[in-house]
Amino acid sequence: MKILVLNCGSSSVKYRLFDDPSPSSSSGSAGPSTGSGSSSSGGPRTLAKGLIERIGEPDGDAADHTAALQRVMESVDLTGLGAVGHRVVHGGPLFSAASVIDDELVEAVESLVPLAPLHNPAALSGIAVARKLMPDVPQVAIFDTAFHQTIPPAGVSYAIDATLAERWQIRRYGFHGTSHAYVARQTAALLGLPPEEANIITLHLGNGASATAVQGGRSIATSMGMSPQAGLVMGTRSGDIDPTVIFHLHRVAGMPVDEIERSLTRQAGLQGLIGDNDMRTVERRREEGDPAATLAFDVYCRRIKEYVGAYLALLGRTDAIAFTAGVGEHSPLVRAASLEGLSSLGIEVDPARNEKGDGIISPDGSRVTVCVVPTDEELEIAQQTRHALGDS
């Protein structure tokens with residue numbers, strides 16, 4: 001079954017075409033199949049992938065999303081296409097699983113635009129165009145928030161006026177759900193455990209970053225909140241911050257709310273601390289003795305450690321901690337520093353294994369296994385698309 005995965009941003013379309021993304025075809029490997037052609041484990045094949053950027057801009061790759069998707073259809077062999085899977089960032093409280101797209105679902109996603117004003121409209125554009133250009137192909141929406149719908153009420157409720165919270169849908173939703181779900185399942189396989197028996201802390205560390213406690217295959221806590229702004233320190237986002245900072249900047253510094261929002265989402269995090277959002281730059285400057293880079297690195301890793309400690313307490317028993325995404329998969333320094341000093345809790349990192357950064361990086365016999373597990377959100381979307389259509 002061919003499945004086309006579409007991730008439509010406001011000015012971009014990322015796509016990937018799979019030939020057989022069934023879960024059984026990849027369950028035997030701790031890492032994803034990323035190349036074209038057959039993987040060594042006999043997993044799913046990527047037939048085509050690409051990125052169309054700067055849509056609508058004078059020098060962009062396409063005039064609009066219709067032109068972008070027409071370009072995909074012209075450049076990729078979609079013969080025998082079985083389904084299209086769309087990434088949708090925010091499903092609010094309405095969606096707990098991948099769902100087949102119809103007019104009712106589109107209306108529901110439109111109602112959630114206030115919760116994700118930058119992301120959901122782009123996804124809706126992609127859905128509308130794909131339904132128009134491929135009317136006979138089933139379309140499925142996969143929500144970043146869906147995996148976290150299993151978090152209990154005590155983990156998603158904010159201690160604010162309950163009437164306000166209910167009226168304006170204010171609660172923790174969590175994001176990166178496809179990545180956390182995929183990595184938790186792959187980590188369980190690496191440990192030789194059924195997903196429903198494994199307790200895992202997944203650390204998705206990229207330009208956006210989040211931590212999740214997964215108990216028996218179900219998310220029970222996650223660091224991002226009503227938006228992707230909360231939690232860990234990120235490339236350009238602050239992560240957790242006292243809300244009084246916002247009041248102070250508005251009342252005392254005289255900054256408009258829009259300017260404060262832009263600062264905390266685009267000029268904060270690593271960018272705010274050292275003027276660069278790339279962890280590689282942070283590490284290089286830290287090595288050169290730059291005190292600002294040292295502080296940025298320490299703040300970044302301390303926040304991760306704080307969440308690891310909290311999730312160890314929530315899980316009670318933890319089988320593994322899994323690092324994933326750009327920083328998580330490629331920075332031995334961050335992995336080591338984030339778990340430093342936790343040996344009394346059964347958490348250790350083997351320096352040689354960590355430097356190699358492949359699979360298990362903790363010493364043999366450790367109470368908690370520490371892993372590096374590459375994520376593959378597009379493969380997860382394809383697999384969930386197939387499952388939603390009843391083809392498992």
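A salt bridge is a side-chain nitrogen of Lys or Arg within 4 Å of a carboxyl oxygen of Asp or Glu. Keep that rule in mind for the first views of this predicted model.

**View 1. Asp77 and Lys2 meet in a salt bridge.** Look for the side chains of Asp77 and Lys2, with N and O 3.9 Å apart. This falls within the 4 Å limit, so the pair counts as a salt bridge. Where do the two partners lie? Asp77 is in the loop between helix 1 (65-75) and strand 4 (81-88), while Lys2 belongs to strand 1 (residues 2-8). The pair therefore ties together parts that are 75 residues apart in sequence. The two partners also have their own levels of cover: Asp77 is partly exposed, with a relative accessible area of 49%, whereas Lys2 counts as buried at 16%. If you are wondering what brings such partners together, side chains of opposite charge can pair when their charged atoms come close.

**View 2. Two more salt bridges join Asp278 to Arg280 and Arg284 to Glu288.** In the pair of Asp278 and Arg280, the N to O distance is 2.8 Å. Asp278 is partly exposed, at 23% relative accessibility, and Arg280 is exposed, at 64%. In the pair of Arg284 and Glu288, the closest N and O atoms are 3.3 Å apart. Here Arg284 is partly exposed at 44%, and Glu288 is exposed at 56%. Elsewhere, salt bridges with shared partners link Lys14, Arg16, Asp376 and Glu378 into one network. How many salt bridges does the count come to? The count is 16.

**View 3. The largest nonpolar core has 40 residues.** Start with the residues that have the most contacts inside this core: Leu203, Leu205, Tyr300, Val308, Ile321 and Val334. Helix 11 (residues 291-315) gives the core its largest share, 10 residues. Now pick out Leu205 and set aside its neighbours within four places in sequence. Among the residues that Leu205 still contacts are Leu232, Tyr300, Ile304, Phe323 and Val334. There is also a second, separate core of 20 residues, and its members include Ile52, Leu69, Val76 and Met134.

**View 4. Helix 13 spans residues 332-339 and is largely enclosed by the rest of the structure.** Why can we call helix 13 largely enclosed? Six of its eight residues are buried. You can find them one by one: Pro332, Val334, Arg335, Ala337, Ser338 and Leu339. Val334 is a link to the previous view, being listed with the residues that have the most contacts inside the largest nonpolar core. After helix 13 comes Gly341, with a positive phi near 85°.

**View 5. Ala325 and Gln169 have positive phi values although neither is a glycine.** Some background helps here: most residues other than glycine have a negative phi. Ala325 has a phi of about 75° and sits in helix 12 (residues 325-330). Is Ala325 buried or exposed? Ala325 is buried, with a relative accessible area of 7%. For Gln169, phi is about 55°. Gln169 lies in the loop between helix 5 and helix 6, and it is partly exposed at 28% relative accessibility.

**View 6. Ile160, Leu164 and Trp168 form a nonpolar patch on the surface.** Together, these three residues have about 310 Å² of accessible area. Trp168 is in the loop between helix 5 (162-167) and helix 6 (177-191). With a relative accessible area of 48%, Trp168 is partly exposed.

**View 7. Cys371 is too far from any other cysteine for a bond.** Which cysteine has the closest sulfur to that of Cys371? It is Cys301, and the two sulfurs are 18 Å apart. A disulfide needs sulfur atoms within 2.5 Å, so this pair cannot count as one. Cys371 is buried, at 0% relative accessibility. Another cysteine to look for is Cys8, also buried, with a relative accessible area of 7%. How many disulfides does the structure hold? The total is zero.

Notes
Residues are numbered from 1 along each chain as its sequence is written. This is a predicted model: local features need pLDDT of at least 70, side-chain atom pairs count only at pLDDT 80 or more; totals for chains, interfaces and linings use all residues. Side-chain values use heavy atoms; hydrogens and water are left out. Patches are made of residues with over 30% relative accessible area and no salt bridge: like charges are joined within 9 Å, nonpolar side chains (Val, Leu, Ile, Met, Phe, Trp, Tyr) within 5 Å. Accessible areas come from the Shrake-Rupley method with a 1.4 Å probe; for residues, only the protein chains shown count as cover. Helices (H or I, at least four residues) and strands (E, at least two) are DSSP runs, numbered from the N terminus. Buried means under 20% relative accessible area, exposed over 50%, partly exposed in between (1.4 Å probe, protein chains only). A nonpolar core is a set of buried Ala, Val, Leu, Ile, Met, Phe, Trp, Tyr and Cys residues joined through side-chain atoms within 4.5 Å. Contact means heavy atoms within 4.5 Å.
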